[in-house]
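Please open the model in a viewer and keep the selection panel at hand. The tour below proceeds from selection to selection.

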Amino acid sequence: MISQASSRQCAVELQALPSRIGQVRRIVSAQLRYWNLDPLIEKAALGVTELLTNVHRHAKPDKVCTVEIEFLLDRLTVSVHDHDPRLPAVVHLQDGPDPLATSGRGLALIEAVSESWGVRPQGDSGKVVWFTLPAPSATPLGIPATPAYGAAGGGVFKDPVPFGDGAGAAETVRGHAAAVRSAVAG
C-alpha cells in the first residue's frame with residue numbers, strides 16, 4: 001500500500017521480499033523525480049535497498065515493514081520501520097567481515113553515503129532505521145509547497161530528522177548514543 005500524507009511525504013507498506021525491493025526502489029526513484037531531487041536518487045535507492053535487505057535477512061517475527069521518505073527543509077529522510085525490536089550493529093572492515101564477503105556491509109555503506117543515520121527503538125512494536133541526505137544546493141522548483149503546521153496533517157509536525165519517542169530510550173546516531181528528543185507541534 002502506498003500513501004502520501006503530504007506533498008513531501010510518501011510511505012509504502014510491504015513484505016520485505018527480494019521481489020518487492022526492486023519495486024520499492026522504483027517507487028522511491030519516481031517520487032524523488034517528482035520532487036525534482038534527481039541527484040539523490042542513486043544514494044536513496046541504494047540506502048533503501050540495504051535497509052530492506054536487512055529486514056528480509058534479519059527481522060523477526062515477520063518481514064512486514066514500512067518505508068517512508070520525507071523531504072523537509074533541505075533534507076531527505078528515508079526510514080524503514082519493522083517489527084523486530086533488536087537493533088542492528090555496524091560492522092566496520094577492521095572488525096570484520098572478510099573484505100571479500102558478499103554481505104555484512106549494509107549499515108557501513110549507509111554511513112558512508114548519508115549525511116546522518118540512526119536507529120530509533122519503538123519498544124515492542126519494533127524499530128525504525130533511518131538516514132538523511134542533504135538536498136542539492138539549488139532549490140528544486142517543482143516541489144509542491146508544504147502545508148502549515150496542523151494543516152492537512154492531523155496537527156502533528158514531524159521533525160526532519162527522526163528522534164526518539166520521548167520514552168527515555170537512547171537513539172543511536174552514526175554508532176553513538178544520543179539523547180532522545182521529541183518534536184510535536186501543538
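This predicted model holds 3 salt bridges. Side chains of opposite charge can pair when their charged atoms come close.

Begin by selecting Arg75 and Glu115, whose side chains meet in a salt bridge with an N to O distance of 2.7 Å. Arg75 belongs to strand E4 and Glu115 to the loop between H3 and E5, so this pair ties together parts that lie 40 residues apart in sequence. Glu115 is partly exposed, at 33% relative accessibility.

Select Lys127 and Asp82 next. Their closest N and O atoms are 2.9 Å apart, and the two residues form a salt bridge. Because Lys127 lies in strand E6 and Asp82 in strand E4, the pair ties together parts that are 45 residues apart in sequence. Are these two partners buried or exposed? Lys127 counts as buried, with a relative accessibility of 7%; Asp82 is buried as well, with a relative accessible area of 3%.

For another of the salt bridges, select Asp84 and Arg86, whose side chains meet at 2.6 Å, N to O. Here Asp84 is buried, at 4% relative accessible area, whereas Arg86 is partly exposed, at 47%.

Now turn to the nonpolar interior. In soluble globular proteins, nonpolar side chains tend to be buried together. Which residues have the most contacts inside the largest nonpolar core? Select Val24, Leu32, Val48, Leu52, Ile69, Leu76 and Val80; the core to which they belong has 33 residues. Colouring by element is helpful at this stage: two or more core residues come from each of strand E2 (9–15), helix H1 (18–34), helix H2 (41–58), strand E3 (64–72), strand E4 (75–82), helix H3 (106–113), strand E5 (116–121) and strand E6 (127–134). Of these, H2 gives the most, with 6 residues.

Stay with Ile69 and display its surroundings. Leaving aside neighbours within four places in sequence, Ile69 is in contact with Arg8, Gln9, Cys10, Val28, Gln31, Leu32, Trp35, Leu76, Thr77 and Val78.

Cys10, one of those contacts of Ile69, is a suitable next selection. Cys10 is buried, with a relative accessible area of 4%. Add Cys65, which also counts as buried, at 1% relative accessibility. How many disulfides does the model contain? The count is 0 disulfides.

The last stops concern the backbone. Most residues other than glycine have a negative phi, and most peptide bonds are trans. Select Lys60 and Pro61 to view a cis peptide bond, with omega at about 15 degrees. Pro61 is placed in the loop between H2 and E3.

Move to Asn36, in the loop between H1 and H2. Its phi is near 60 degrees, a positive value in a residue other than glycine. Asn36 counts as partly exposed, at 36% relative accessibility.

Finish at Leu73, in the loop between E3 and E4. What is the phi of this residue, which is not a glycine? Leu73 has a positive phi of about 55 degrees. Leu73 is exposed, with a relative accessible area of 66%, because the cut-off for exposed is over 50%.

Notes:
Residues are numbered from 1 along each chain as its sequence is written. This is a predicted model: local features need pLDDT of at least 70, side-chain atom pairs count only at pLDDT 80 or more; totals for chains, interfaces and linings use all residues. Side-chain values use heavy atoms; hydrogens and water are left out. A disulfide is a pair of cysteine sulfur atoms within 2.5 Å. Buried means under 20% relative accessible area, exposed over 50%, partly exposed in between (1.4 Å probe, protein chains only). A nonpolar core is a set of buried Ala, Val, Leu, Ile, Met, Phe, Trp, Tyr and Cys residues joined through side-chain atoms within 4.5 Å. Helices (H or I, at least four residues) and strands (E, at least two) are DSSP runs, numbered from the N terminus. Contact means heavy atoms within 4.5 Å. A salt bridge is a side-chain nitrogen of Lys or Arg within 4 Å of a carboxyl oxygen of Asp or Glu.
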